[in-house]
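Visitor: I should like to examine this model and to ask on what grounds each term is applied.

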Amino acid sequence: QNWWCLLRRNWSGINKKGFDTLFALVTWGIWKERNARVFRQASLTATQLAVIIRQQRDLWIDAGARKLRCLLRE
């Protein structure tokens, strides 16, 4: 939590909310990968996981995550 709070201080306004969304997407992706490894003995490479997280990010943006879209333009 401290690490996230320190990173969050670098952003303001809409960008801070975009950062929060991106952080949630990344941590959720890592958590799902962890569960796949523990419970299904299945694993992805780091590159494969990054691709899936980017795809999820794009889906969120397409669904209307405006603050996330603003963050990624910078």
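Visitor: What makes the meeting of the R8 and D20 side chains a salt bridge?

Guide: First, a note on the source: this is a predicted model, in which local features need pLDDT of at least 70, side-chain atom pairs count only at pLDDT 80 or more, and totals for chains, interfaces and linings use all residues. Residues are numbered from 1 along each chain as its sequence is written, and side-chain values use heavy atoms, with hydrogens and water left out. A salt bridge requires a side-chain nitrogen of Lys or Arg within 4 Å of a carboxyl oxygen of Asp or Glu. The side chains of R8 and D20 meet at 2.7 Å, N to O, so the pair satisfies that criterion.

Visitor: Why is this pair said to tie together parts that are 12 residues apart in sequence?

Guide: R8 belongs to helix α1 (residues 2–8), whereas D20 belongs to helix α2 (residues 13–40), so the pair links parts 12 residues apart in sequence. Helices here are DSSP runs of H or I with at least four residues, strands are runs of E with at least two, and both are numbered from the N terminus.

Visitor: How many salt bridges does the structure hold?

Guide: The structure holds 3. Besides the pair of R8 and D20, E33 bridges to R37 with closest N and O atoms 2.7 Å apart, and D58 bridges to R57 at 3.0 Å. E33 and R37 are 4 residues apart in helix α2, and are therefore separated by about one helical turn.

Visitor: Why is E33 called buried, and what is R37 called?

Guide: Buried means under 20% relative accessible area, exposed over 50%, and partly exposed in between (1.4 Å probe, protein chains only). E33 has 8% and therefore counts as buried, while R37, at 44%, counts as partly exposed. By that criterion R57, at 21%, is partly exposed, and so is D58, at 35%.

Visitor: Which residues does E33 touch beyond its neighbours in sequence?

Guide: Not counting residues up to four places away in sequence, E33 touches A42, S43, L44 and L49; contact means heavy atoms within 4.5 Å. A polar atom of the E33 side chain lies 2.8 Å from the backbone nitrogen of L44. L44 is placed in the loop between α2 and α3 (46–62) and, at 28% relative accessibility, is partly exposed. Leaving aside neighbours within four places, L44 is in contact with E33, R37, L49 and I52.

Visitor: How do you know that the span of α3 is close to the expected one?

Guide: The expected span is 1.5 Å times one less than the number of residues in the helix. With 17 residues, α3 reaches 24 Å from its first C-alpha to its last, close to the expected 24 Å.

Visitor: Which residues of α3 are buried, and what puts them on the same side?

Guide: L49, I53 and I61 are buried in α3. They cover an arc of only 120 degrees around the axis, which puts them on the same side of α3; the arc is that of the directions from the helix axis to the C-beta atoms. The face turned away from the buried side of α3 carries the exposed residues T47 and D62.

Visitor: How many disulfides does the structure hold?

Guide: The structure holds 0 disulfides, a disulfide being a pair of cysteine sulfur atoms within 2.5 Å. C5, at 30% relative accessibility, counts as partly exposed, and C70, at 28%, is partly exposed.

Key:
A polar contact is a pair of N or O atoms within 3.5 Å; within protein, one must be able to donate a hydrogen and the other to accept it, and residues adjacent in sequence count only if both atoms are side-chain atoms.
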